[in-house]
Amino acid sequence: MRQPVPVEVLLPYALERPYTYLSERALAAGTIVVVPLGTRQVLGAVWEQAQQAERPAQKMPTSRLKPVEEVLPAPPLPAPLRRLVDFVADYTLSPPGMVLRMVLRVPAALAPEKPLRALRLTGTEPERMTAARGRVMEAAGDGLAWTKAGLAEQAGVSPGVVDGLLKAGVLEEVIVPRQPAAGVPKPDFKPPHLSAQQKQAAGEVRDLVKARRFAVSLIEGVTGAGKTEVFFEAVAEALAAGRQVLILMPEIALTAAALERFASRFGAAPAEWHSEMAPKQRERVWRGVADGSVRAVIGARSALFLPFCELGLIVVDEEHDGAYKQEEGVIYHARDMAVAYGHLAGFPVILSSATPSVESRVNAARGRYRDIRLAERFSGGGPPAIELIDLRAAPPERGKSLAPPLAEALESNLGQGRQSLLFLNRRGYAPLTLCRHCGHRFTCPNCSAWLVEHRFRGVLACHHCGYEERRPDACPQCGAEESLVACGPGVERLQEEVETLFPEARSLVLSSDLAGGVKRLRLELAAVARGEADIVIGTQLVAKGHNFPNLTLVGVIDADLGLAQADPRAAERTFQLLTQVSGRAGRAGQASRAVLQTWQPMHPVIVALAAGDPEAFYHAEIDSRRRGGLPPFARLAAIIVSGAERAETEAYARALARAAPRQAGIDLLGPAEAPLALIRGRYRFRLLARAHAAKRLHAFLRAWLAEGPKPRGSLRVAVDIDPLSFL
Ligand code: ADP
Ligand code: ZN
């Protein structure tokens, strides 16, 4: 008999290294197995031996190792994916097991797909014929393969009748092959006629794909420039070379339109991947990506961890979008990890945006990324003319949101039968409800946040933890009746104002808390694109990527909203958001306007927007980051300490700060109470580490967290490398 061999198995838990088990035969790295852990049986993946000497000194004697219980038939996780798991763990300071957990999220996909059994007629006549049997035979006579339940339903009989026919040999069971999870895209299905500038750009990205080497390119061009058609050319090249392709999108609502465009270019829809998919479909996509039958995926950030076996290109569309950052669990940025993946596995990565992140802009300027520009809109129309409304000179009426010049612009656009968009980044009816009588403010019991009124549903809701209560008739503090007032605007309230001003206009609110979820949202977006609304009122959800051909006026209710947040990225975020939302206007080539209401018309971000001069903005912003020692000229890491007791949490955060090793070139700020001091009943304190070299930052954090006091009880420490949020 052969000797069992030790194998290293990484388990999807918060464990720092693989555990050793015994296997009857050597197992290839990446093989998915079931192993005992304590009293449980758990999934794991065979992993390479850790190379460093940091493995435990006393090796477990072979006699005490437990055996691998089962080897699953799924294809082993490919080597590039294993390297990505190790890299993400290392970069984010997360246990590798927690990153593996993101890969193994669909355990059902690890078993082979159950064969689909279907019924069909054999040609044998039943000895005994009844009306019910006749109906079944008639239904089955269409030549299609039926499931038992489907056939019974179609014939309007009980399943017993179908069983009877099966027993009598009139029907037989056959195994039918499943439809693949996605069709096979054809690189040359319907190539576009590219404009001269598109041709030039497409040539560059095609060459990078042909070279089969790591390279990052940044495609930058105003909304409507035709960036999608350009990166589709790179996709075609990769597909033709027999490689798989991943296109990342920041928002699920966006993927619907992208799927259609992909299908019309390549003759088959790609597989879709996001959190709202049906479990069966997830399983099938996971398997198809692993066995190579799925050639292209369009998905949200988590698609990065699918088990691609021949990945040859990643496109990150709207690369500047904050939705690429996962803020819980393993805190990672999907764009940055996509670039790292390309580097590890040796394939090109394309970033695309009308408003690139400052990071990517700087990387392009330094020559680390290929800089590809599309200067004009494909339709030939110019960008929308941007006008400012100085709210100090032309304020809206008390309690209203629309300044008179914006109301006039709406009226004239309506008169011409055109569509308008009002942008207000506040969900619900009003951000604050208070009692006029005693001043009571409605706040969340679990978070340091006001409750937002959602009048449509009649509730007051917390946007941080999901807490909800019914809006009462009387003040819970003083008992006064009819004393509650809504303060500040939300999209629902804005719609009320619009309906009063323009009772004839068809208005529609689009925000992420639309009842009916993504499905409904996609339907509404398609309806808007068909011109079935005159005035669309939306949150940041409408700012992104959508194509509304009849839209020629964008009104921004509060251009200053994002600037009020005092964090290092407030200016960048505001610039991107307002450029994107303005860019919704005039996509089909018509003359268009964007009107921005502001209290600060002299603010540099607002001035750059009004001048239509993005270069001025980037120039000033990059300069100020350089002078301020902010990313990308320095690296930041946020350390968030949270706990159930405020005093204990603060004391621990202080002790942690005191334990930090002193190191030249690294500053540590804090602890300070977080702006969101309480979330879901947990008190929060923040520390911020800043370093001038990324490597130094990681070494510092590792040494500090290894030697510093350990969190006990309810205390938790989360590390956020390259933080986007400072709340
Ligand atoms: P972007 O991604 O830069 O915002 P899109 O790729 O969505 O721009 O293009 C804007 C519009 O122009 C789309 O409706 C698209 O179908 C159209 N378009 C772009 N390039 C071409 C082309 N080469 N041929 C035909 N239509 C194009
Ligand atoms: Zn809350």
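Visitor: Where does ligand 1 sit?
Guide: Ligand 1 sits in the second largest pocket. A pocket is an open set of points on a 1 Å grid over the protein atoms alone, with protein on both sides within 12 Å along at least five of seven lines. To sit there, more than half of a molecule's atoms must lie within 2 Å of its grid points.

Visitor: Is this model predicted, and what are the ground rules?
Guide: This is a predicted model: local features need pLDDT of at least 70, side-chain atom pairs count only at pLDDT 80 or more, and totals for chains, interfaces and linings use all residues. Residues are numbered from 1 along each chain as its sequence is written, chains are lettered from A and ligands numbered from 1 in written order, and side-chain values use heavy atoms, without hydrogens and water.

Visitor: Which atom of Gly 226 lies 2.9 Å from ligand 1?
Guide: A backbone N or O atom, facing an oxygen atom of ligand 1. Polar contacts are pairs of N or O atoms within 3.5 Å.

Visitor: New topic. What coordinates the zinc ion (ligand 2)?
Guide: Cys 444, Cys 447, Cys 462 and Cys 465, each through SG, at 2.2 to 2.4 Å. Donors are N, O and S atoms within 2.8 Å of the metal (3.2 Å for Na, K and Ca).

Visitor: How are they spaced in sequence?
Guide: C-x2-C-x14-C-x2-C.

Visitor: Are Cys 444 and Cys 447 buried or exposed?
Guide: Both are buried, meaning under 20% relative accessible area with a 1.4 Å probe; exposed is over 50%.

Note on methods. A polar contact is a pair of N or O atoms within 3.5 Å; within protein, one must be able to donate a hydrogen and the other to accept it, and residues adjacent in sequence count only if both atoms are side-chain atoms. On a 1 Å grid over the protein atoms alone, a cavity is a set of points where a 1.4 Å probe fits but cannot get out, and a pocket is an open set with protein on both sides within 12 Å along at least five of seven lines; lining residues have an atom within 4 Å of a point.
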